[in-house]
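Colleague: I am new to this one, and I would like to learn what the interface terms stand for. Could we go through them together?

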Amino acid sequence: MNIISFLVTYLSVAAVYALLAISMNIDYGWAGIPDFGKAAFIAAGGIAAAIVATRIVPPLMLHMHPANPSKLSFFTYYNGKILPAITAHPIDTWIVFIISILLGGIIAAGFAVIFSYPAIRLKEDYLAIALLMAAQIVWLFLRVYTPIMGGTMSMTLPSPSFKPIARALFHSTSPSAIDAAKALFLWGLVGVFLYYAEKQMNSPFGRMLRMVRDDEYAAAALGKNVARARLESLIVASFLAGVAGAVYVLIHFSSVNPDYFMPDLTFFVLTLVLVGGVGNNIGSIIGALLIALLYRASYIFGTSLGFSWGSYLYYMIIGLAILITIFVRPNGILPEKPVRTPAWDVYALVRGKQPWFLRRILMRGRGKVNTGEKSE
Amino acid sequence: MGVTFMVYSLAWGSALALMASGLSLYYSVSKVANFAHGSYVSMGLLAYLLAIAFAHWGSKITGFGIDHYAIFNISNLWALIPAFLVAGLVSLASFAGIFWPLMKRGATPLQLLVASIGLMFVLRFLMYIVAGSMNWITLWTPGSTTYHILGVRITLAEILSFVLLALVAGLIALLETKTLIGVSLRAIASNPSLAEASGIDSFKVQALAWFLGGGFAGLGGVLMFIFTGPPGGRPIVELGWMNLLSIFAAAVLGGLGSFYGTIIAALILGIAFNQAAAWFTIYLNVSSSLALLIPFGITLLTLLFFPQGLAGINWRKLVNKIRITRVEEEVVRR
Amino acid sequence: MRKVSDEVLIVDNVHKYFGGIRAVDGVSLKVPRGSIVGLIGPNGSGKTTLFNTISGFYKPNKGRIMFDGRDITGLPPHRIYKLGLIRTFQNPRVWRSLTVFENVLGSAKDQRGENMLLAMIHATWASQEKKLAKEALHWIDFTGLAPVDTRFAPEISGGQMKLLEVARALMGSAKMLLLDEPAAGVNPVMARKLFGGIERLRSEMGLTFLIVEHRLEILFDYVDYVYVMHRGRIVAEGKPEEVAENPVVHDIYLGG
Ligand SMILES: Nc1ncnc2c1ncn2[C@@H]1O[C@H](COP(=O)(O)OP(=O)(O)O)[C@@H](O)[C@H]1O
Ligand SMILES: [Mg+2]
């Protein structure tokens with residue numbers, strides 16, 4: 001396998017993980033909610049994509065009857081008629097994509113409103129387990145209730161076509177050009193997520209979430225509506241998880257199957273955030289890049305060993321990554337950054353100096369003030 | 001469905017109770033929601049199989065061959081001892097090597113929980129090496145000797161699960177009331193800092209709880225495997241993981257850390273799950289795995305109304321606790 | 001028209017039980033507007049529990065609490081804060097991932113940028129944020145925390161944390177403050193300074209204070225009126241000099 005194509009595939013995979021990680025960083029990282037139901041929110045994206053491809057787009061745009069995945073005739077009809085009709089026009093595949101990410105986000109946000117009921121009342125341990133059970137219920141339900149995505153039979157989805165983008169960018173529609181266009185697009189999406197998350201976090205809202213996370217009683221005593229803050233962060237994070245879920249099935253897999261959303265997925269995403277740095281968005285992305293590499297490398301290496309257990313080597317890698325992080329760098333590779341708002345400009349103006357951490361981390365490059373004594 | 005099935009449901013519930021009460025036992029003193037608990041379950045099963053394999057070394061014990069020897073009968077009962085010991089020691093080691101050091105550093109409950117996820121993955125891989133080397137990645141249940149008592153069909157595994165559960169419950173009761181270490185156990189559970197101040201060796205007491213808790217999980221694992229075989233046709237190593245949520249459901253429903261509450265919850269869930277599974281396949285014609293909806297649903301609903309589980313509702317001495325809402329309890333603890 | 005009484009806080013026969021423990025057992029007290037009132041009593045007499053009940057962390061089993069002419073019994077803490085009644089914690093509760101400056105700043109009332117959607121539109125909250133930052137610096141100077149204002153909150157000393165608790169409460173535009181042992185762990189010089197500041201706040205801004213404090217020799221120099229609690233009840237009350245001579249109070253403090 002040539003190195004460029006490995007790199008391009010790897011970057012695409014890492015980008016998808018990064019999207020999931022940023023979402024996890026919002027509710028787990030900022031607000032401290034142990035969102036062990038993440039897999040269910042990601043599944044919402046899968047549900048949306050399946051519904052859009054089978055029931056929304058055919059009647060709306062193709063003047064065809066909707067398809068019902070639980071019917072016996074589904075495969076002949078859907079694979080034979082609907083899929084070719086959608087994929088015939090790149091524009092249509094993108095319409096499917098856009099409706100799917102929006103619907104996925106909305107469904108996930110709806111789940112969040114339901115799940116928030118326990119999230120506001122239960123203690124950490126209980127909450128983590130309750131959310132995990134809820135995710136398991138969603139997974140089991142999708143496996144058994146076939147009308148949504150046909151149970152476990154893996155339904156093909158119309159992946160958005162990157163041909164036009166590849167042609168525009170690289171003047172080529174070779175498979176490698178298409179893969180490169182895909183990777184670029186996905187990283188563009190990561191950029192959008194990152195921009196949003198940074199902006200949302202560096203505000204009084206972001207500061208309030210940290211207050212709620214650090215000490216909810218002090219937050220309540222000083223006027224923060226703790227329940228509401230939790231609900232809002234859960235809704236935002238879940239909306240992004242739903243969007244990421246639609247990307248996950250439409251671009252990463254080009255198909256959908258309930259087993260993509262097994263509750264284990266949550267732990268995988270949690271690992272990305274934990275290793276990268278809880279509360280740090282860039283850290284989440286670095287975690288995704290690193291773990292995706294370790295994951296792929298250990299999978300390739302493990303299977304090449306020729307033992308029946310080799311393909312499970314990645315368990316060891318993920319497990320060790322978690323344990324080493326907790327013991328050696330409990331705050332992850334990139335620790336959390338201070339909240340940056342204009343208040344610090346006022347601080348600098350009034351006090352005539354900037355705090356050392358702002359000079360070092362945030363205002364890099366602006367550097368007008370001399371080197372910082374770590375005020376100790 | 002009759003008596004036979006009821007007995008089976010209760011026995012299944014007892015196996016679950018063994019696994020879940022182990023979790024509750026060490027949770028009560030260490031407050032770790034340990035996701036690696038499922039690994040102790042699978043460890044117990046692997047130790048049972050390995051012990052029998054060693055006893056029949058030279059015969060065809062790799063692959064499905066082991067099923068022939070590992071049948072649960074009187075002459076194989078001894079293999080429960082290594083199951084208990086191995087699972088208990090692994091549990092003890094994970095406490096001493098991972099959770100205790102983290103607790104000493106003041107790790108938050110969430111950090112402990114996440115560490116346990118890391119441990120779970122590592123242990124799973126180690127078990128895959130063992131299971132893979134013996135070619136045991138997928139196996140069927142070896143089954144159990146069957147008796148007919150008063151017209152009721154009952155297997156040795158079912159009898160054993162009742163007997164073991166009774167023994168375990170009795171052992172803990174004796175320990176807690178009659179021995180110093182049991183009293184220390186309860187002291188730490190109710191007020192860790194006070195207990196430590198009064199000279200109780202917190203590490204020793206917690207270590208004992210982890211050893212017993214892991215051991216109980218291992219025993220439950222063997223029995224559960226005899227009852228249900230490989231979970232959903234997946235690798236036998238996944239036995240613990242596939243049952244982990246049921247274990248947590250029982251522990252949470254019983255009130256995390258409440259030993260007897262957990263046992264009662266597990267029995268309730270065992271009956272609910274198995275009856276629902278039968279009902280689902282017979283009347284609704286849907287997969288019995290969906291029947292997990294019932295125990296999980298019961299647990300979630302209970303939690304919504306009683307955030308502390310059954311222990312918060314029933315137990316006389318804990319009645320006070322539930323009256324004080326969560327906020328109050330926390331504010332005061334500091 | 002709302003009836004504005006002279007008493008800004010009225011606690012009327014409040015009971016709070018924990019199972020069998022009657023932590024607060026029928027307390028009634030009144031705090032006149034613009035006064036500094038002390039609440040004393042041995043450890044475990046229920047002072048903190050009373051504060052928790054007034055500030056909405058506990059719901060009383062019985063009794064009523066009126067603040068500024070309004071019934072606040074059973075309101076959640078953040079609503080009580082909005083009405084202008086702010087409490088501090090006996091054991092400081094700081095936000096550990098924020099600096100001292102942000103701890104104070106974040107406690108401000110009605111921040112527009114705390115709305116999830118407005119937070120995305122910088123222009124809607126930036127100018128308010130700047131104004132609040134100036135105010136936060138003012139309270140930091142006032143409490144003498146300036147030397148440590150860029151430290152992360154867990155890095156400062158216990159006494160400084162107590163001062164931070166006070167600074168945060170002041171930042172919330174309170175009408176009345178409930179201070180739970182504000183000078184515990186603060187050295188005597190700083191403690192007197194703090195109480196001097198409290199007196200200034202009362203005279204300049206008309207704030208009202210209800211203060212729990214164990215160091216009676218300092219407290220009695222500043223308060224107008226004192227309530228004495230024992231075993232969940234008010235057992236004595238009066239001007240500081242009256243209370244200081246009350247034999248009941250002596251018995252309680254000597255007898256534990
Ligand atoms: N959440 C609680 N649960 C049980 N008992 C409590 C709780 N909070 C306070 N108490 C009890 O109530 C009594 C009063 O405590 P507290 O209000 O802290 O007293 P003070 O602040 O005057 O020292 C004490 O006996 C204490 O043990
Ligand atoms: Mg007190």
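Modeller: Happily! Across the interface of domain 1 and domain 2 of chain C there are six residue pairs in polar contact, both residues at pLDDT 80 or more. This is a predicted model, where local features need pLDDT of at least 70, side-chain atom pairs need 80 or more, and totals for chains, interfaces and linings use all residues. Residues are numbered from 1 along each chain, chains are lettered from A, and side-chain values use heavy atoms without hydrogens or water.

Colleague: What makes a pair a polar contact?

Modeller: N or O atoms within 3.5 Å; within protein, one must be able to donate a hydrogen and the other to accept it, and residues adjacent in sequence count only if both atoms are side-chain atoms.

Colleague: Why is the pair Asp149(C) and Arg351(A) called a salt bridge?

Modeller: The rule asks for a side-chain nitrogen of Lys or Arg within 4 Å of a carboxyl oxygen of Asp or Glu. For Asp149(C) and Arg351(A) the closest N and O atoms are 2.9 Å apart, so the pair meets the rule. Across the interface of chain C and chain A there are six salt bridges, while between domain 1 and domain 2 of chain C there are zero.

Colleague: How many residues of chain C are in contact with chain A?

Modeller: 46 residues of chain C are in contact with 39 residues of chain A, contact being heavy atoms within 4.5 Å.
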